[in-house]
Amino acid sequence: AAAAPGPTGMAPPTPGVKAGIGMSFQAHPETNFYVITEVHPAGPAGVAVQMQLITIGDVLLAVNGGSVEGKTVPEIVQEILGPEQSAVQLSISRSQNGTPLEGGVRTVELLRMRPGTIPPNVTGIAKPIDNGLAVGGGVETALPPGWVQETDPSSGRVYYVNHTLKTFSWARPGAAGK
């Protein structure tokens with residue numbers, strides 16, 4: 001199978017190199033939500049800030065569709081890290097005092113890159129995946145057990161897979177019984 005092409009204007013990724021997105025976050029001392037505290041200006045998260053897709057102070061809710069609730073910073077970092085130029089999706093929310101705001105959940109897709117390796121005028125480093133509409137009454141609900149979020153490499157569209165049931169859906173599955 002042919003590898004998916006990288007972003008326009010990029011050199012091919014270096015095989016075996018893991019990269020992140022150039023973003024720091026920490027647990028808010030009162031709410032324990034993970035708040036984005038800093039981005040590297042020459043990294044993918046810095047591009048997302050320039051595009052106004054991410055703001056310092058946003059709350060990180062999920063990585064690739066999996067909730068970060070109850071995870072440690074090193075566990076979340078390991079989920080964000082991956083092969084250079086591969087995509088990672090972050091579900092984030094605007095926040096007030098470390099608490100997600102009602103209706104502010106959105107998903108952003110970033111390409112994992114080492115800071116400083118993004119050439120000028122390259123497109124496709126950061127992009128919105130949804131229109132910012134919240135799911136589940138303002139706070140995006142976790143996927144039902146067995147479901148994972150994936151991205152179609154040919155179209156870039158997000159879809160949901162349940163490998164146990166051997167099925168998929170373009171629409172985000174709701175919690176059981178909803």
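How many Å² does the accessible surface of the protein come to, and what share of that surface belongs to carbon and sulfur atoms? The surface comes to about 9700 Å², with 57% of it belonging to carbon and sulfur atoms. Keep in mind as you look around that this is a predicted model.

**Stop 1: the whole chain**

Start with a cartoon view. You should find two helices and 12 strands. Walking from the N terminus, the elements run β-β-β-α-β-β-α-β-β-β-β-β-β-β. Of the 178 residues in the protein, 39% are buried. If you take the contacts between residues at least 6 apart in sequence, 58% of them join residues at least 24 apart.

**Stop 2: the largest nonpolar core**

Now select Met-23, Leu-60, Val-63, Ile-76, Ile-80, Leu-90 and Leu-110, and show their side chains. These residues touch the most other members of the largest nonpolar core, which has 27 residues. Which elements each supply at least two residues of this core? They are β2 (23-27), β3 (34-39), α1, β4, α2 (73-80), β7 and β8. As background, nonpolar side chains tend to be buried together in soluble globular proteins.

Next, centre the view on Ile-80. Setting aside neighbours within four places in sequence, Ile-80 is in contact with Ala-19, Ile-21, Met-23, Phe-25, Val-63, Val-88, Leu-90 and Arg-112.

**Stop 3: an aromatic pair**

Phe-25, one of the contacts of Ile-80, leads to the next selection: add Tyr-34. The structure has one aromatic pair. The ring centres of Phe-25 and Tyr-34 are 5.8 Å apart and the planes stand at 90°, so this pair is edge-to-face; the cut-off for that label is over 60 degrees. Buried or exposed, what are Phe-25 and Tyr-34? Both are buried.

**Stop 4: the salt bridges**

Time to switch to charged side chains. Side chains of opposite charge can pair when their charged atoms come close. The structure holds four salt bridges.

Select Arg-94 and Asp-58 to begin. Their side chains meet in a salt bridge, at 2.8 Å from N to O. This pair links distant parts of the chain, 36 residues apart: Arg-94 sits in strand β7 (residues 87-96), while Asp-58 is in the loop between α1 (44-50) and β4 (59-63). With a relative accessible area of 2%, Asp-58 is buried, whereas Arg-94 is partly exposed at 29%. Add Arg-106 to the selection, and you have a network of salt bridges that links Asp-58, Arg-94 and Arg-106.

Move on to Lys-71 and Glu-79. Here the closest N and O atoms of the salt bridge are 2.6 Å apart. Lys-71 is partly exposed, with a relative accessible area of 24%, and Glu-79 also counts as partly exposed, at 26% relative accessibility.

Finish with Glu-109 and Lys-127. Their side chains form a salt bridge at 3.5 Å, N to O. Again the pair links distant parts of the chain, with Glu-109 in strand β8 (residues 99-111) and Lys-127 in strand β9 (residues 126-128), 18 residues apart. Why does Glu-109 count as buried? Its relative accessibility is 6%, and buried means under 20%. Lys-127, at 32% relative accessibility, counts as partly exposed.

Conventions: Residues are numbered from 1 along each chain as its sequence is written. This is a predicted model: local features need pLDDT of at least 70, side-chain atom pairs count only at pLDDT 80 or more; totals for chains, interfaces and linings use all residues. Side-chain values use heavy atoms; hydrogens and water are left out. Rings of Phe, Tyr and Trp (its six-membered ring) pair if their centres lie within 6.5 Å; planes under 30 degrees apart count as stacked, over 60 as edge-to-face and the rest as tilted. Buried means under 20% relative accessible area, exposed over 50%, partly exposed in between (1.4 Å probe, protein chains only). Helices (H or I, at least four residues) and strands (E, at least two) are DSSP runs, numbered from the N terminus. Contact means heavy atoms within 4.5 Å. Accessible areas come from the Shrake-Rupley method with a 1.4 Å probe; for residues, only the protein chains shown count as cover. A nonpolar core is a set of buried Ala, Val, Leu, Ile, Met, Phe, Trp, Tyr and Cys residues joined through side-chain atoms within 4.5 Å.
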